[in-house]
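User: I should like a close look at one part of this model, namely the sheet and the residues around it. Please describe how the strands are arranged and what surrounds them.

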Amino acid sequence: MDQTQQTQDTTEPVVELPALTAADRCDICGAQAFIRVVLASGDLVFCGHHGTANKEKLEPIAISWQDETDKLSS
Ligand SMILES: [Zn+2]
């Protein structure tokens, strides 16, 4: 008898997102990205400015909102 315990987890999986690096560039202006937005269709990266600018529009449809703007040293 092969009884493997399989728990049917209906909750959303926790997506481990890699940290944003200097190589990640804002999709709008090309500045270093500090915000990653995961959508059903793919993910977008934004600089702090454009992340904030698009937050109202994108956050309701975002699967995950990764905000690393606290890394910004101004
Ligand atoms: Zn930008």
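Analyst: In this predicted model, strand S1 (residues 35-39) and strand S3 pair in the antiparallel sense over 4 bridges. Within this pairing, Val37 stands opposite Trp65 of S3, and Val38 has Ser64 as its bridge partner in S3.

Strand S1 is also joined to S2, by 5 bridges, and these two strands likewise run antiparallel. Here the bridge partner of Val38 is Asp43 in S2, while Arg36 stands opposite Val45 in S2. Val38 therefore has a bridge partner in each of two strands, Asp43 in S2 and Ser64 in S3; as a general matter, strands of a sheet pair through backbone hydrogen bonds, either parallel or antiparallel. S1 and S2 form a hairpin, with 2 residues between them.

Taken together, the 3 strands form an open sheet in the order S2-S1-S3, with antiparallel pairing. The edge strands are S2 (42-46) and S3, each of which pairs on one side only. On average, neighbouring strands of this sheet are turned by 15 degrees against each other, direction ignored.

The sheet may be placed in the chain as a whole. The secondary structure comes to 1 helix and 3 strands, and from the N terminus on the elements run β-β-α-β. Contacts between residues 24 or more positions apart make up 32% of the chain's contacts with a separation of 6 or more.

Arg36 offers a detailed view of S1, the strand in which it lies. Is Arg36 buried or exposed? Arg36 counts as buried because it has 21 C-beta neighbours inside 10 Å, and the cut-off for that class is 20 or more. Leaving aside neighbours within four places in sequence, Arg36 is in contact with Leu17, Leu20, Asp43, Val45 and Gln66. One of these contacts, Val45, is also the residue that stands opposite Arg36 in S2. The C-alpha atoms of Arg36 and Cys26 are separated by 9.1 Å, the two residues being 10 apart along the chain.

Ala22 presents a contrasting case. Its place is in the segment before S1. Ala22 is exposed because 7 other C-beta atoms lie within 10 Å, where the cut-off for exposure is 12 or fewer. From C-alpha to C-alpha, Ala22 and Ala33 are 7.3 Å apart in space and 11 residues apart in sequence.

Ala33 leads on to the nonpolar core. The largest such core has 7 residues, namely Leu20, Ala33, Phe34, Ile35, Val37, Phe46 and Cys47. Among them, Leu20 is a contact of Arg36, and Val37 is the residue that stands opposite Trp65 in S3. In soluble globular proteins, nonpolar side chains tend to be buried together. Not counting residues up to four places away in sequence, Cys47 touches Cys26, Cys29, Ala31, Gln32, Ala33 and Phe34. Of the 74 residues of the chain, 14% count as buried.

Finally, a word on confidence. The chain has a mean pLDDT of 87, and 78% of its residues reach 70 or more. By element, confidence is lowest in strand S3 (residues 64-67), at a mean of 95, and highest in helix H1 (residues 48-58), at 97. Where pLDDT is low, the predicted coordinates should not be read in detail.

Technical notes
Residues numbered from 1 in each chain as written. Predicted model: local features only at pLDDT ≥ 70, side-chain atom pairs only at ≥ 80, totals over all residues. Core = buried A, V, L, I, M, F, W, Y, C linked by C-beta atoms within 7 Å. Contact = placed C-beta atoms within 7 Å. pLDDT = per-residue confidence, 0-100. Pairing = 2+ DSSP bridges. Axes fitted to C-alpha atoms, helices over the stretch in contact; angles between N-to-C directions.
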